[in-house]
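Q: Please go through the terms used for this structure one at a time, and say what each of them rests on.

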Amino acid sequence: MAPDAAARPTRAELRLAAREQSRAQRRGAAKAATRVALLRVALPSVAALGVAAAAAVTVIQDEAGRVPAQASAADAPDNTAANTATNTAAQQAVAVGGQAQASRGDARQPLAGAQPTDAPTAQPTPQAAPQPKVVMPVAQHGLGELFGAAGTHWANRHTGIDFPVDGGSEVYAVADGTIRTQWNPFYGYMSILKMNDGTEAWFCHLRGYKVRKGQVKQGDVIAFVGSSGNSTGPHLHFEIRPPGSGPVDPLPWFLSNGLDPR
(Lines give C-alpha, C1' and ligand atoms only; values in the text may rest on other atoms or scores of the structure.)
Protein backbone atom coordinates (compact mmCIF):
# COMPACT_ATOMS: atom_id res chain seq x y z
CA MET A 1 0.00 0.00 0.00
CA ALA A 2 1.33 3.46 -0.82
CA PRO A 3 2.14 5.79 2.02
CA ASP A 4 -0.35 8.43 0.88
CA ALA A 5 -3.05 5.81 0.70
CA ALA A 6 -2.34 4.77 4.29
CA ALA A 7 -2.89 8.36 5.48
CA ARG A 8 -6.33 8.62 3.89
CA PRO A 9 -9.34 7.87 6.16
CA THR A 10 -11.22 4.74 5.43
CA ARG A 11 -14.84 4.71 4.34
CA ALA A 12 -15.87 3.55 7.80
CA GLU A 13 -14.04 6.42 9.39
CA LEU A 14 -15.64 8.84 6.96
CA ARG A 15 -19.12 7.50 7.72
CA LEU A 16 -18.43 7.71 11.47
CA ALA A 17 -17.14 11.25 11.13
CA ALA A 18 -20.18 12.19 9.05
CA ARG A 19 -22.51 10.77 11.66
CA GLU A 20 -20.70 12.66 14.45
CA GLN A 21 -20.88 15.86 12.45
CA SER A 22 -24.59 15.32 11.80
CA ARG A 23 -25.21 14.68 15.49
CA ALA A 24 -23.30 17.85 16.41
CA GLN A 25 -25.29 19.84 13.91
CA ARG A 26 -28.57 18.44 15.22
CA ARG A 27 -27.59 19.20 18.80
CA GLY A 28 -26.63 22.73 17.81
CA ALA A 29 -29.86 23.22 15.92
CA ALA A 30 -31.88 21.93 18.88
CA LYS A 31 -30.12 24.30 21.25
CA ALA A 32 -30.69 27.18 18.86
CA ALA A 33 -34.37 26.30 18.54
CA THR A 34 -34.69 26.14 22.31
CA ARG A 35 -33.10 29.54 22.68
CA VAL A 36 -35.42 30.97 20.04
CA ALA A 37 -38.48 29.52 21.79
CA LEU A 38 -37.36 30.89 25.13
CA LEU A 39 -36.79 34.28 23.62
CA ARG A 40 -40.23 34.20 21.98
CA VAL A 41 -41.83 33.51 25.36
CA ALA A 42 -39.66 35.75 27.48
CA LEU A 43 -39.58 38.81 25.28
CA PRO A 44 -43.39 39.37 25.18
CA SER A 45 -43.58 38.90 28.95
CA VAL A 46 -40.81 41.41 29.52
CA ALA A 47 -42.42 43.76 27.05
CA ALA A 48 -45.80 43.41 28.75
CA LEU A 49 -44.25 44.05 32.15
CA GLY A 50 -42.48 47.04 30.73
CA VAL A 51 -45.71 48.39 29.26
CA ALA A 52 -47.65 47.91 32.55
CA ALA A 53 -44.87 49.41 34.60
CA ALA A 54 -44.45 52.33 32.24
CA ALA A 55 -48.24 52.90 32.24
CA ALA A 56 -48.35 52.86 36.06
CA VAL A 57 -45.43 55.27 36.23
CA THR A 58 -47.11 57.43 33.61
CA VAL A 59 -50.36 57.59 35.61
CA ILE A 60 -48.60 58.44 38.86
CA GLN A 61 -46.32 60.96 37.20
CA ASP A 62 -49.24 62.49 35.36
CA GLU A 63 -51.10 62.94 38.66
CA ALA A 64 -47.99 64.54 40.14
CA GLY A 65 -47.79 66.85 37.16
CA ARG A 66 -44.28 65.67 36.13
CA VAL A 67 -45.05 64.26 32.66
CA PRO A 68 -47.86 64.87 30.19
CA ALA A 69 -50.82 62.53 30.10
CA GLN A 70 -49.82 61.33 26.60
CA ALA A 71 -46.66 59.57 27.87
CA SER A 72 -46.74 55.81 27.13
CA ALA A 73 -44.66 52.64 27.27
CA ALA A 74 -43.12 53.47 23.89
CA ASP A 75 -41.05 56.13 25.66
CA ALA A 76 -39.41 53.55 27.97
CA PRO A 77 -35.87 52.23 27.00
CA ASP A 78 -36.01 48.77 25.36
CA ASN A 79 -33.48 46.86 27.46
CA THR A 80 -33.63 44.35 30.26
CA ALA A 81 -31.90 46.48 32.88
CA ALA A 82 -34.23 49.36 32.24
CA ASN A 83 -37.23 47.02 32.33
CA THR A 84 -36.11 45.63 35.68
CA ALA A 85 -35.73 49.13 37.09
CA THR A 86 -39.08 50.06 35.61
CA ASN A 87 -40.74 47.02 37.20
CA THR A 88 -39.34 48.05 40.59
CA ALA A 89 -40.50 51.62 40.08
CA ALA A 90 -43.91 50.36 38.99
CA GLN A 91 -44.29 48.30 42.15
CA GLN A 92 -43.31 51.31 44.25
CA ALA A 93 -45.63 53.50 42.21
CA VAL A 94 -48.54 51.09 42.69
CA ALA A 95 -47.89 51.13 46.43
CA VAL A 96 -47.70 54.91 46.42
CA GLY A 97 -50.79 55.04 44.22
CA GLY A 98 -52.72 52.96 46.74
CA GLN A 99 -51.68 55.36 49.46
CA ALA A 100 -52.64 58.29 47.26
CA GLN A 101 -56.05 56.78 46.63
CA ALA A 102 -56.50 56.12 50.31
CA SER A 103 -55.50 59.70 51.02
CA ARG A 104 -58.03 60.99 48.53
CA GLY A 105 -60.68 58.76 50.10
CA ASP A 106 -59.74 60.11 53.51
CA ALA A 107 -59.90 63.62 52.15
CA ARG A 108 -63.45 63.06 50.93
CA GLN A 109 -64.69 61.97 54.34
CA PRO A 110 -64.66 65.43 55.94
CA LEU A 111 -66.72 66.77 53.04
CA ALA A 112 -69.87 65.25 54.55
CA GLY A 113 -69.25 67.16 57.74
CA ALA A 114 -68.33 70.27 55.83
CA GLN A 115 -71.88 70.76 54.63
CA PRO A 116 -73.62 73.67 56.33
CA THR A 117 -75.29 72.42 59.47
CA ASP A 118 -77.02 75.64 60.37
CA ALA A 119 -80.23 75.33 58.41
CA PRO A 120 -82.23 78.53 58.06
CA THR A 121 -84.44 78.96 61.04
CA ALA A 122 -88.01 78.12 60.10
CA GLN A 123 -90.18 81.17 60.33
CA PRO A 124 -93.19 80.64 62.59
CA THR A 125 -96.46 80.38 60.76
CA PRO A 126 -98.44 83.55 61.30
CA GLN A 127 -101.35 82.82 63.57
CA ALA A 128 -104.68 84.47 63.39
CA ALA A 129 -105.21 87.22 65.91
CA PRO A 130 -106.89 85.83 69.00
CA GLN A 131 -110.60 86.48 69.02
CA PRO A 132 -111.62 89.00 71.68
CA LYS A 133 -113.33 87.57 74.69
CA VAL A 134 -116.27 89.84 73.92
CA VAL A 135 -117.65 91.60 70.84
CA MET A 136 -119.35 94.91 70.32
CA PRO A 137 -123.11 94.95 71.06
CA VAL A 138 -123.62 96.99 67.87
CA ALA A 139 -121.62 97.31 64.68
CA GLN A 140 -120.80 101.00 65.12
CA HIS A 141 -118.17 102.28 67.53
CA GLY A 142 -118.70 105.51 69.42
CA LEU A 143 -120.35 106.37 72.71
CA GLY A 144 -122.97 108.89 73.80
CA GLU A 145 -123.72 109.23 77.51
CA LEU A 146 -121.10 107.61 79.75
CA PHE A 147 -121.46 105.75 83.02
CA GLY A 148 -122.21 107.96 86.05
CA ALA A 149 -123.37 110.96 84.06
CA ALA A 150 -126.01 113.17 85.75
CA GLY A 151 -129.19 114.34 84.04
CA THR A 152 -132.92 114.90 84.29
CA HIS A 153 -133.65 111.54 82.65
CA TRP A 154 -132.23 109.53 85.56
CA ALA A 155 -133.24 109.51 89.19
CA ASN A 156 -129.63 109.22 90.27
CA ARG A 157 -126.78 108.67 87.80
CA HIS A 158 -126.49 107.01 84.42
CA THR A 159 -126.05 103.30 85.07
CA GLY A 160 -124.54 102.31 81.74
CA ILE A 161 -123.18 103.62 78.44
CA ASP A 162 -125.18 104.62 75.37
CA PHE A 163 -124.49 103.68 71.75
CA PRO A 164 -126.17 106.31 69.54
CA VAL A 165 -127.16 104.17 66.51
CA ASP A 166 -130.16 104.14 64.19
CA GLY A 167 -133.38 102.47 65.19
CA GLY A 168 -133.66 98.93 63.86
CA SER A 169 -129.87 98.31 64.04
CA GLU A 170 -128.95 94.77 65.03
CA VAL A 171 -127.94 94.05 68.61
CA TYR A 172 -125.37 91.26 69.18
CA ALA A 173 -124.67 88.96 72.11
CA VAL A 174 -121.35 90.20 73.48
CA ALA A 175 -120.43 86.70 74.72
CA ASP A 176 -121.76 83.17 75.00
CA GLY A 177 -124.58 82.79 77.49
CA THR A 178 -128.31 82.54 78.13
CA ILE A 179 -130.89 85.13 77.09
CA ARG A 180 -134.08 86.21 78.88
CA THR A 181 -136.30 89.20 78.02
CA GLN A 182 -138.62 91.54 79.94
CA TRP A 183 -140.33 94.92 79.97
CA ASN A 184 -139.41 97.79 82.31
CA PRO A 185 -141.02 101.26 82.31
CA PHE A 186 -137.63 102.92 82.51
CA TYR A 187 -135.57 100.51 80.33
CA GLY A 188 -138.39 99.68 77.93
CA TYR A 189 -138.00 96.37 76.10
CA MET A 190 -134.83 94.77 77.38
CA SER A 191 -132.77 91.61 76.84
CA ILE A 192 -130.60 90.26 79.65
CA LEU A 193 -127.64 88.05 78.71
CA LYS A 194 -126.24 85.94 81.55
CA MET A 195 -122.68 84.91 80.67
CA ASN A 196 -120.95 81.74 81.73
CA ASP A 197 -119.16 83.48 84.64
CA GLY A 198 -122.45 84.82 86.00
CA THR A 199 -121.96 88.38 84.74
CA GLU A 200 -125.09 89.95 83.19
CA ALA A 201 -125.22 92.31 80.21
CA TRP A 202 -128.38 94.43 79.89
CA PHE A 203 -129.54 95.67 76.47
CA CYS A 204 -132.24 98.32 76.90
CA HIS A 205 -134.68 100.58 74.97
CA LEU A 206 -135.14 97.89 72.31
CA ARG A 207 -137.62 97.91 69.46
CA GLY A 208 -138.03 94.17 69.36
CA TYR A 209 -136.44 90.76 70.02
CA LYS A 210 -134.99 88.10 67.81
CA VAL A 211 -134.19 85.68 70.65
CA ARG A 212 -136.56 85.77 73.62
CA LYS A 213 -134.84 83.13 75.68
CA GLY A 214 -132.32 80.33 75.43
CA GLN A 215 -128.65 79.75 74.66
CA VAL A 216 -126.81 82.11 72.32
CA LYS A 217 -123.28 82.36 70.99
CA GLN A 218 -121.01 85.35 70.91
CA GLY A 219 -122.00 87.56 67.97
CA ASP A 220 -125.54 86.18 67.55
CA VAL A 221 -128.23 88.76 66.72
CA ILE A 222 -130.54 88.88 69.72
CA ALA A 223 -132.60 92.10 69.26
CA PHE A 224 -132.99 95.44 67.45
CA VAL A 225 -132.29 99.00 68.61
CA GLY A 226 -135.29 101.18 69.51
CA SER A 227 -136.41 103.98 71.82
CA SER A 228 -138.82 102.25 74.20
CA GLY A 229 -139.16 103.21 77.88
CA ASN A 230 -137.65 106.38 79.24
CA SER A 231 -135.80 107.40 76.08
CA THR A 232 -135.46 110.57 74.00
CA GLY A 233 -134.49 108.83 70.75
CA PRO A 234 -133.14 105.59 69.25
CA HIS A 235 -130.04 104.31 70.97
CA LEU A 236 -128.81 101.22 72.83
CA HIS A 237 -128.41 101.53 76.58
CA PHE A 238 -125.87 98.89 77.71
CA GLU A 239 -125.07 97.85 81.29
CA ILE A 240 -122.69 95.35 82.94
CA ARG A 241 -123.66 93.79 86.26
CA PRO A 242 -121.14 91.36 87.87
CA PRO A 243 -122.57 88.45 89.90
CA GLY A 244 -124.26 89.73 93.11
CA SER A 245 -123.50 93.36 92.24
CA GLY A 246 -125.21 96.40 90.83
CA PRO A 247 -124.18 98.06 87.57
CA VAL A 248 -120.51 98.91 86.98
CA ASP A 249 -118.86 101.01 84.29
CA PRO A 250 -118.95 98.94 81.08
CA LEU A 251 -116.03 100.78 79.48
CA PRO A 252 -113.28 99.28 81.72
CA TRP A 253 -115.00 95.91 81.33
CA PHE A 254 -114.71 96.18 77.53
CA LEU A 255 -111.10 97.37 77.74
CA SER A 256 -110.11 94.55 80.10
CA ASN A 257 -111.47 92.12 77.52
CA GLY A 258 -109.38 93.61 74.70
CA LEU A 259 -112.05 95.73 73.07
CA ASP A 260 -112.41 99.54 72.92
CA PRO A 261 -115.96 100.60 71.97
CA ARG A 262 -115.11 104.31 71.76
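Q: What makes S3 and strand S6 (residues 214–216) a pair?
A: Two strands pair if DSSP finds at least two bridges between them. S3 is joined to S6 by 3 bridges, and the two strands run antiparallel, so the condition for a pair is met. In S6, Gly 214 is the bridge partner of Ile 179. The model is a predicted one, in which local features need pLDDT of at least 70 and side-chain atom pairs count only at pLDDT 80 or more, while totals for chains, interfaces and linings use all residues. Residues are numbered from 1 along each chain as its sequence is written, and side-chain values use heavy atoms, with hydrogens and water left out.

Q: How many bridges lie between S3 and S4?
A: There are 8 bridges, in the antiparallel sense. Thr 178 faces Lys 194 in S4. The two strands make a hairpin, with 3 residues between them.

Q: What counts as a helix or a strand, and how many of each are there in the protein chain?
A: Both are DSSP runs numbered from the N terminus: H or I over at least four residues for a helix, E over at least two for a strand. By that rule the chain has 4 helices and 8 strands. Their order from the N terminus is α-α-α-β-β-β-β-β-β-β-β-α.

Q: Why is His 205 called buried?
A: Buried means under 20% relative accessible area, exposed means over 50%, and partly exposed is the range in between (1.4 Å probe, protein chains only). His 205, in strand S5, has a value of 6%, so it is buried. Contact means heavy atoms within 4.5 Å. Setting aside residues up to four places away in sequence, His 205 touches a list that includes Phe 186, Tyr 187, Val 225, His 235 and His 237.

Q: Is Ser 191 buried or exposed?
A: With a relative accessible area of 0%, Ser 191 is buried. Ser 191 belongs to strand S4. Among its contacts, leaving out residues up to four places away in sequence, are Arg 180, Trp 202, Leu 206 and Ala 223.

Q: Why is Gly 246 called partly exposed?
A: Its relative accessible area is 34%, so Gly 246 falls between the buried and exposed classes. Gly 246 sits in the loop between S8 and H4. Apart from residues up to four places away in sequence, Gly 246 touches Ile 240 and Arg 241.

Q: What makes S7 largely enclosed by the rest of the structure?
A: Of its 5 residues, 4 are buried, so S7 is described that way. S7 also has strand partners. Strand S2 (residues 170–172) pairs with S7 in the antiparallel sense over 3 bridges, with Val 171 opposite Ala 223. S5 is joined to S7 by 3 bridges, again antiparallel, and Leu 206 stands opposite Val 225.

Q: What is a nonpolar core, and which residues touch the most other members of the largest nonpolar core?
A: A nonpolar core is a set of buried Ala, Val, Leu, Ile, Met, Phe, Trp, Tyr and Cys residues joined through side-chain atoms within 4.5 Å. The largest one has 28 residues, and Leu 193, Phe 203 and Phe 238 touch the most other members. Elements that each supply at least two residues include strand S1 (161–163), strand S8 (236–241) and helix H4 (250–256). S5 gives the most, with 4 residues. A second, separate core has 5 residues, among them Tyr 187, Met 190, Ile 192 and Cys 204.

Q: Why is the pair of Tyr 187 and Trp 202 called edge-to-face?
A: Rings of Phe, Tyr and Trp (its six-membered ring) pair if their centres lie within 6.5 Å; planes under 30 degrees apart count as stacked, over 60 as edge-to-face and the rest as tilted. Here the centres are 5.6 Å apart and the planes stand at 85 degrees, so the pair is edge-to-face. Tyr 187 and Trp 202 are 15 residues apart, and both are buried. The structure holds 6 aromatic pairs, and ring pairs link Phe 203, Phe 238, Trp 253 and Phe 254 into a cluster.

Q: How do you know that Arg 241 lies over the face of Trp 202?
A: A charge sits over a ring if NZ of Lys or CZ of Arg is within 6 Å of the ring centre and within 35 degrees of the ring normal. Arg 241 is at 3.7 Å from the ring centre of Trp 202 and is counted as lying over its face.
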